[in-house]
Amino acid sequence: MIAMLRTLLTMIALLVSTFFFATILIVAALVGVPNRPGSIYDMAPRMWSRTILWVAGVRVRMHGLDRLAADGTFIFICNHVSLFDILALVGWLPRNNFVAKAELFRIPVFGHGMRVLGTVPIERENQKAAFGAYDIATARIQGGTSVVVFPEGTRGTEYAIRRFKKGPFVLAIKSGAPIVPVVVYGTIEILPKGRLLMHPGIIDVYVLDQVPTQGLAYDDRDALAQTVHDRMQVVMNDLYLNR
């Protein structure tokens, strides 16, 4: 009963805060408020995320965020097992744009708000369109904004790091931006894939050492993907799976 009530309250918070903050962003864009670091375009998503997590009874613990230069531009490569991964990353990672599935942009108000923020839509079933999305993401990076990518694609059902798609690593090589592997743990216990009932809990987000991409060529994409995958799997194994 308590879990059902918590879930209902969280859903209400999601709907209300999404409408509220997306409307603020849309209005800000209409009146010409510039999208600069520290502006409403950074503050609104962070407040949106933290509001929902607070209502849900979820606490986020960040590890290694001090590894990042305040003015750096990065490609954050993250594992993905729950919708709460997104909330944790939005709420605490520095200024960024997400690469998100195109279907989300069809949601009224929310989709428009995502466009205002510069979220990059990707059609995962269409390889040609997907690489076009990474061209857009490259432009975002070259403009000084970090990008967040889930290279596993869809959400998984366990914490083991799944096989990576190559597109994000082609993006990294093309842009020359360093990759920052990010390991998220704790979200399956809060809301696993395929479930509606959520539970309060703690999300741990580990920001790992950067993987440089300067000087790499297209043919290096597989080795780069494997390097990042292995680093993330080692952390996941050491911290949780081998206990």
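Start by selecting I203: beyond its neighbours within four places in sequence, it is in contact (heavy atoms within 4.5 Å) with V58, R59, V60, R61, F84, A88, V184, Y185, T187 and I190. This is a predicted model, where local features need pLDDT of at least 70, side-chain atom pairs count only at pLDDT 80 or more, and totals for chains, interfaces and linings use all residues. Residues are numbered from 1 along each chain as its sequence is written, and side-chain values use heavy atoms, with hydrogens and water left out.

Now widen the selection. I203 is one of the best-connected members of the largest nonpolar core, a 35-residue set, along with F76, F84, L89, V182 and V205. Such a core is made of buried Ala, Val, Leu, Ile, Met, Phe, Trp, Tyr and Cys residues joined through side-chain atoms within 4.5 Å; buried means under 20% relative accessible area with a 1.4 Å probe, protein chains only.

Which element gives the most to this core? That's α2, with six residues, so colour 40–56 next; helices here are DSSP runs of H or I, at least four residues, numbered from the N terminus. Its buried residues include Y41, W48, I52 and L53, and the buried set packs against α1, β1, α3 and α4 (110–117). Strands are DSSP runs of E, at least two residues.

Try the distance tool on α2: its end C-alpha atoms are 24 Å apart, which agrees with the 24 Å expected for 17 residues at 1.5 Å a residue, taking one less than the number of residues. Just after α2 comes G57, with a positive phi near 75 degrees.

Last stop: I75, I161, A225 and V228, among the 34 residues of a second, separate core.

Methods
Buried means under 20% relative accessible area, exposed over 50%, partly exposed in between (1.4 Å probe, protein chains only).
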